[in-house]
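Welcome! Take a moment to look over the sequence and the structure below, and turn the model around before you read on.

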Amino acid sequence: AKGYTQEICYDYLDCKYFSEYKELEKRIAESDDKWLIFVNKKSDGQKLCRRLNELFWGTKKRAVFVTSESKYRNGEANKELRNIEEKERFECDVLIATAVLDNGVNIKDSKLKNIVISAYDKTEFIQMLGRRRVNEGDTVTLYIRYFSANTFSGLRRNTEENIDFMMWFYEANTVKQSKMCANNTW
């Protein structure tokens, strides 16, 4: 049987780049469209949510931050998670989320015109982008965070350490299995 593949089309995206969330704050505050912002760390999400709600003071706009713990607590974050599950949309103007929303969530809302992603993992990035379901004619501005050379150097060092550990583990198990096979002991 032949496999079926289809190219993914990203023609609906207008990509822009940023290095710090602070660069986006004014644009978000002045926007009439909804925003979905994925953050890497809870502390970033908390800080950004607090800052945006300060900028929204005196307006009807609001930002909400959701994490995996939001499912178990009452409040706006839990309410927005239920909205997404039941209505495939959120009511707030800006939804800030950790990776809790990167999988198994559909958002079908034509007012969601802006997505911000800070992931450097390809699979996580694609999952986050894929939360917004698009229809023909939809356009979305995607803000992609670019990282410093120091960040990538740290990621590389971490990866190299993981590879070194895996090689040590493999070699240790290979030696142990060889000895066990030679002695016919299992």
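This report looks at two pockets and then at a pair of helices. Keep in mind that the model is predicted.

**The two pockets**

The table sets the pockets side by side.

| Pocket | Volume | Lining residues | Nonpolar | Polar | Charged |
|---|---|---|---|---|---|
| Largest pocket | about 450 Å³ | 19 residues | 5 nonpolar | 4 polar | 10 charged |
| Second largest pocket | about 210 Å³ | 13 residues | 3 nonpolar | 6 polar | 4 charged |

Let's begin with the largest pocket, which has a volume of about 450 Å³. To find its middle, look for Glu20, Tyr21, Asp44, Lys47 and Arg145, the lining residues closest to its centre. Two elements give two or more residues each to this lining: helix 1, which covers 22-30, and helix 2, which covers 42-55. Which of the elements gives the most to the lining of the largest pocket? That is helix 2, with 6 residues. As for chemistry, 10 residues of this lining are charged, while 5 are nonpolar and 4 are polar.

Now move to the second largest pocket, with about 210 Å³ of space. Its 13 lining residues include Gln46, Phe65, Thr67, Ser70 and Arg73, which are the closest to the centre. Helix 2 turns up here too, since at least two residues of this lining come from helix 2 and at least two from helix 3 (76-87). This lining divides into 6 polar, 4 charged and 3 nonpolar residues.

**Where helix 1 meets helix 2**

Next, follow helix 1 and helix 2 as they pass each other. Their axes come within 10 Å and cross at roughly 45°. Are the two helices parallel or oblique to each other? At that angle, helix 1 and helix 2 are therefore oblique. The crossing of helix 1 past helix 2 is right-handed.

Which residues make the contact? From helix 1 come Glu25, Ile28 and Ala29, and from helix 2 come Leu48, Arg51, Leu52 and Leu55. Sorted by type, this contact of helix 1 with helix 2 has 5 nonpolar residues, 2 charged ones and no polar ones.

Note on methods: Residues numbered from 1 in each chain as written. Predicted model: local features only at pLDDT ≥ 70, side-chain atom pairs only at ≥ 80, totals over all residues. Heavy atoms only, no water. 1 Å grid on protein atoms, 1.4 Å probe; cavity = no way out; pocket = protein on both sides within 12 Å on 5 of 7 lines; lining within 4 Å. Points joined across faces, edges and corners; volume = space filled by probe spheres on them. Helix = DSSP H or I, 4+ residues; strand = E, 2+ residues; numbered from the N terminus. Nonpolar A, V, L, I, M, F, W, Y, C, P; charged D, E, K, R; others polar. Axes fitted to C-alpha atoms, helices over the stretch in contact; angles between N-to-C directions. Parallel < 35°, antiparallel > 145°, perpendicular 65-115°, else oblique. Left-handed = near helix turned anticlockwise from the far one by under 90°. Contact = heavy atoms within 4.5 Å.
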